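Colleague: I should like to go through this model with you, beginning with a charged side chain and then turning to the interface and the backbone.

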Amino acid sequence: MRISTSTLYDSSVATINDQTSALLKIQQQLASGRRILAPADDPVAAARAFEVSQSSKVNDQYLTNQKAANSSLGLEESVLASVQNTLQAVHSLAVDAGNPTYDNTNRGYIATELRSKFNELVGQANTTDGAGLYLFSGYKGATLPFTVTASGGSNIVNYNGDQGQRLMQIASSRQIAVSDAGSSVFTNIKDGNGTFTAAPGAANAGTGIIGPGNVLDPSKWAANATSKDYTIQFRNIATVVPSPGGTNEVTITDTATWENSAKNFTVTFGVGTYTVTDNVHSITSGPFSYTGNPTNISGVGASFNWAPAAGSSYTITPGTTSYDIIDNVSGNSVITGAAPPATGNYPRTYTSGQAIDFSNLAVPVANSDYGIQATITGSPASGDGFTVKASTNEGIFKTIDDLASALEAPVNNDADGAKLQNALNKALTNINNDMDSISTVRASIGARMKEISSSQSSGQDLTLQYQTTLSGLQDLDYAKAVSQLTQQKVNLEAAQKAFTQIAGLSLFNYM
Amino acid sequence: MGTGIYGIGVSALNTAQAGLVTTEHNIANANTDGYHRQQIVQGTQVPLFSGVGFFGQGVTVDNVKRIYSQYLDHQVRQTDTQSNQLNTYHTQMQQIDNMLADSTAGLSPALQDFFQGVNDVASNPSSIPSRQSMISGGQALVARFSALNDRLSQLRDGVNTQITSMVSEINSYAQQIAEMNHQIVLAESSAGNFKANDLHDKREQLVGELNKLIKANVVTQGDGSFNVFIGNGQALVVGQSATTLATKPSTEDPANLDVYYQIGNSQVPIKSDLLAGGQLGGLLAFRSQSLNSAQNELGRIAIAVGQTFNDQHRLGTDLNGTLGKDFFTVAQPKISPRSTNTGTGAVTVGITDVRALTTSDYRLTSDGGANYTLTRLSDNAVLINNGTLPQTVDGLTINASGVPVAGDSFLIQPTVDGARDLKVAITSTEAVAAAAPMATATAAANTGTGAIDLGAVNSFNDKVTVTFTSPTTFDVVDNTNGATLASNMTYTAGNNIDYNGWRVQINGAPNTGDTFTVDNTVSTAGAGNGGTGTIAAAVPIPPAVQFSPDPNIASPVTVTFNNPPTTFNVTGTTTGSPTVNVAYTAGAPISFNGWTVKISGVPSAGDVFTVGSNSGGVADNRNALLLAGLQTKNTMVASSSGTATTSYLGAYGQMVSDVGNKTRELQVTSEAQTTLVAQVKQEQQSLSGVNLDEEAANLLRYQQAYQAAGKMIQVATKMFDTLLSLGS
């Protein structure tokens with residue numbers, strides 16, 4: 001084939017140009033360490049690198065969020081740890097207050113200490129975080145969550161926050177709560193045993209003490225106990241000789257006096273007066289005057305529900321203590337389904353310490369069972385009542401305030417003693433509830449922190465994986481590139497040498 | 001005989017001399033562009049008859065021939081014009097490719113930094129530094145969009161400048177070719193059949209240069225002059241006269257320069273897609289196929305970021321407890337009336353559904369009356385065929401006013417300014433809407449275990465279906481969160497139907513089972529509807545001018561459980577039904593007043609849950625979390641079913657991949673074309689090029705012929721001398 005001289009030059013120059021630009025590209029790759037200098041070098045890998053780098057950056061963001069979540073939860077956890085310590089101290093004080101050798105003054109000291117613990121807890125509940133926001137005010141970070149107002153000797157704590165809970169994105173499909181509203185930590189804690197709460201009536205004159213009670217079957221309580229507001233009502237009717245007949249009866253209305261007495265008296269009536277004879281010690285006291293129905297017979301603690309005729313006399317010895325369970329909404333007995341009898345014994349007989357079963361009831365249907373049990377010890381007076389209601393939210397602050405108030409109330413007789421004991425029982429139950437609640441929140445915080453830490457380690461693994469993928473997509477294989485560089489250099493040198501030799505060939509050299 | 005001998009000798013001398021001259025001409029022009037080697041064609045002279053036959057009379061030069069193949073030269077021009085187009089396109093494309101190459105300077109780091117700021121706010125919603133970092137991140141993102149867009153605009157300006165200079169070069173070549181036509185005709189008119197070889201070379205060289213700029217077809221005329229045509233037959237050179245091309249702003253899109261062709265006194269634009277080949281063709285193809293779409297793609301991402309972020313931001317409340325404003329200012333579609341429009345028609349275009357946006361431009365043409373035709377320019381699909389406006393197509397709501405004249409047209413570029421015009425609208429850190437406008441609460445006196453969740457705001461972009469349960473009643477269901485917004489509502493034609501912050505009216509007589517949807521604030525009637533019901537376009541509930549949450553979202557609402565607690569009553573609501581004896585299902589969505597909450601657990605009779613204002617909720621980060629979630633949420637490029645298929649960065653990755661692939665494709669094809677050009681040129685050179693070795697040999701050949709002819713004359717002289725000496 002005929003070759004024109006300029007073709008010879010042109011093609012040599014073109015080849016050398018190609019080789020040089022290939023060499024330049026390898027040089028750029030080596031200098032930058034990147035395989036893909038522009039998306040055109042490998043469009044698929046370049047687009048994929050964008051996706052992977054976004055995933056990697058988002059993953060980094062999750063790691064940052066995890067750290068922030070961890071520190072928020074850590075702060076909350078440390079505050080709750082000290083709350084729990086304070087509650088422990090409150091618990092010990094409550095136990096200590098039950099010491100029977102303590103007098104009113106001793107109890108006053110304990111009450112003072114409790115009040116200071118109370119203030120300590122309010123302070124802890126109002127803790128702020130590093131940014132000056134309150135930890136326990138929900139979304140209302142700038143609002144003081146708990147404020148105290150004094151009202152008639154007791155301190156009422158109001159919650160001013162809301163129930164908001166801040167979430168944080170710690171993984172692509174996981175948002176974790178990094179705060180807890182103060183209401184759920186401090187105030188929304190059920191009292192009593194969590195299902196129902198038992199309390200003595202404010203006017204109780206007897207020495208009956210009620211325990212927290214048991215829940216045997218929560219589903220029955222939920223289904224059968226429709227009003228969930230009951231009173232265990234007591235009637236303590238003495239044995240009277242001769243029998244007064246009809247609806248006339250003598251009830252023991254002051255069991256403290258009765259229990260400490262000989263429990264065997266003869267009451268003899270005159271006109272507007274009566275005398276009392278202690279049959280054991282043969283001591284007669286009186287006459288005492290009365291109007292209407294003779295109540296609170298001196299030294300006996302009994303009441304007559306009629307006005308006996310002058311000259312009549314009755315001997316009073318222990319009789320029967322009975323109780324009824326009354327639905328406070330309907331006013332009817334749930335044992336009988338009817339209105340409780342005005343006089344005479346209630347349907348069930350009371351024995352101190354024996355469980356009062358909310359079963360075999362007539363309401364709502366025959367043989368209904370509410371699935372709960374209450375226990376009362378001591379001697380309730382006639383007319384004493386103990387309420388059994390669904391548990392409501394009480395909260396740490398009210399528990400302590402109630403306890404302090406109960407300790408500040410002077411104990412002058414056995415009835416006061418029973419009141420105090422009831423208050424201590426209630427307070428201990430509720431403090432346990434409070435501690436359980438704080439423990440539950442702390443356990444939940446712990447679980448969340450654990451989840452965060454496992455997210456952290458999987459996040460760090462992911463970071464490594466993304467980096468490996470990215471590196472595979474866009475980083476240069478140096479060994480390969482260096483060997484390519486050498487090869488390309490040899491090629492270029494060969495092309496240059498060949499050119500100079502060919503260009504030197506000319507027939508004119510021989511003319 | 002004597003004269004014969006001399007005569008032959010002289011003819012041989014002359015011929016050898018001609019050969020030497022031609023060879024020297026070849027050697028001298030070995031490196032001249034467009035030069036074809038020449039050869040003399042020599043032949044015997046007319047023989048002289050004598051009694052004994054014909055005696056040869058020596059040699060003569062018949063012609064000086066150009067070694068030329070029209071076929072090969074045509075091929076060189078064809079492949080070269082193609083190669084120039086591809087090279088130019090590739091060079092331009094590489095600039096976009098390089099712009100996107102730097103992973104630290106592209107869009108992706110700016111987007112990630114911005115969302116880092118948003119996440120900061122989600123972690124510390126009331127922290128002013130976090131809020132500032134979000135706003136600053138937004139400004140940096142906007143700046144990045146703008147910088148990328150500026151680079152693309154510079155490329156567009158560069159294209160315009162180059163088109164202008166190329167057109168003037170083309171004009172100059174056209175002039176020169178016309179001049180050469182003149183010279184060749186002049187030179188050859190008196191030369192019989194002989195060709196003016198060097199003039200031809202020069203003219204063909206000019207045509208070759210012209211072809212590097214634009215593909216030109218040549219038709220040779222009877223008198224030897226060239227007529228040159230470009231485009232689809234526009235005559236650039238006819239005989240000895242050349243037409244002038246001009247550049248002027250396009251009548252359709254004034255940002256682009258178009259090439260105009262002079263006919264008489266008027267200038268007619270040549271459609272860009274007709275001007276194929278050469279560098280000009282490469283530039284025009286780059287502009288129409290790649291630059292426009294790259295700028296539109298970038299703009300679409302900017303609009304999607306702005307619009308979707310704004311929509312979510314407006315669903316939240318700021319530090320002062322007021323509803324969020326727009327975080328970004330988003331670009332409006334660009335509408336350019338054709339400069340030749342004669343009517344007074346005007347067009348307005350709004351973006352209603354950012355998911356459905358394409359990267360195409362659109363042309364709206366009027367029929368002179370109320371009807372318009374809308375063409376999508378990327379695939380020339382006719383989306384509105386002579387129909388009335390307003391209509392919603394591809395996420396755009398198009399409306400027209402004024403009195404157009406038939407044929408008036410408008411270029412609609414929905415996304416071209418997207419990246420340029422994105423701005424941060426918020427300056428105050430307090431205005432960042434990190435909180436939700438409502439908060440939920442459980443009453444402290446509740447005895448059951450029922451718990452209410454934190455609640456969520458129904459977005460006006462939720463897909464909501466209105467289903468007619470009878471011709472006079474309908475149900476409303478939020479398909480996005482599954483909540484029933486209302487059931488058994490009484491239908492009165494034309495009454496306002498207000499949910500989730502929008503208002504529509506339904507008119508006509510719908511049948512039982514007919515459905516209407518409001519999706520992303522675009523209202524449509526179900527495809528299978530049997531009734532005559534029609535739905536009006538969704539508008540914000542007055543007095544709002546922008547879509548925002550339900551106006552009563554923060555009104556206090558109370559949910560109270562009945563006895564038995566299997567149902568509940570709701571008070572304080574404005575929208576939503578039923579409100580009395582609503583059946584309770586644990587964990588089911590409950591939706592009123594534009595919010596949705598879920599109550600779970602076992603509430604007791606009389607238990608109360610409230611939903612109301614979130615005043616003072618400075619530590620609330622619910623909306624910030626949703627804003628942060630937009631980074632990876634699919635918000636763009638709707639599938640045929642209307643579901644968004646990709647995230648912001650996914651769309652950017654797609655753009656990078658498109659540019660990368662196109663650049664790669666051009667690189668490969670232009671390399672192949674360059675090789676082809678080299679091969680064809682080599683073939684052409686193989687025939688027509690000068691080989692210096694060959695010319696050296698020819699020098700020797702003609703030198704020897706000359707020496708031989710000289711010897712012949714010497715012999716003749718000696719013979720003559722012999723004769724003369726006889727006489728002396």
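Colleague: Which side chain of opposite charge is nearest to B:Arg203, and how far away is it?

Modeller: In this predicted model, where local features need pLDDT of at least 70, side-chain atom pairs count only at pLDDT 80 or more, and totals for chains, interfaces and linings use all residues, B:Arg203 is buried (under 20% relative accessible area, 1.4 Å probe, protein chains only). Side-chain values use heavy atoms, with hydrogens and water left out, residues are numbered from 1 along each chain as its sequence is written, and chains are lettered from A in the order in which they are written. B:Arg203 has no salt bridge (a side-chain nitrogen of Lys or Arg within 4 Å of a carboxyl oxygen of Asp or Glu). The nearest side chain of opposite charge, with Lys and Arg counted as positive and Asp and Glu as negative, His and the chain ends not being counted, is B:Glu204, at 5.5 Å.

Colleague: In which helix is the place of B:Arg203?

Modeller: Helices here are DSSP runs of H or I with at least four residues, and strands are runs of E with at least two, numbered from the N terminus. Among the residues that B:Arg203 touches (heavy atoms within 4.5 Å), not counting those up to four places away in sequence, are B:Ile177, B:Met180 and B:Phe226. B:Arg203 itself belongs to chain B, residues 197-213, helix H5.

Colleague: How much area do chain A and chain B bury between them?

Modeller: The contact involves 48 residues of chain A and 62 residues of chain B. Buried area is the accessible area (1.4 Å probe) that two parts lose on being put together, summed over both. Carbon and sulfur atoms carry 56% of it, and the total is about 4,600 Å².

Colleague: Which residues form a salt bridge, with the closest N and O atoms 2.8 Å apart?

Modeller: Across the interface of chain A and chain B, the rule finds one salt bridge. With the closest N and O atoms 2.8 Å apart, the partners are A:Arg2 and B:Glu694.

Colleague: Which element gives the most residues to the side of chain A that touches chain B?

Modeller: Helix H1 (5-32), helix H2 (43-97) and strand S3 (167-171) of chain A each give two or more residues to that side. The one that gives the most, with 10 residues, is H2(A).

Colleague: What is the relative accessibility of B:Asn593?

Modeller: B:Asn593 is not a glycine, yet has a positive phi of about 50°. Its place is the loop between strand S37 (589-592) and strand S38 (595-600) of chain B. B:Asn593 counts as buried because its relative accessibility is 0%.

Technical notes. Buried means under 20% relative accessible area, exposed over 50%, partly exposed in between (1.4 Å probe, protein chains only).
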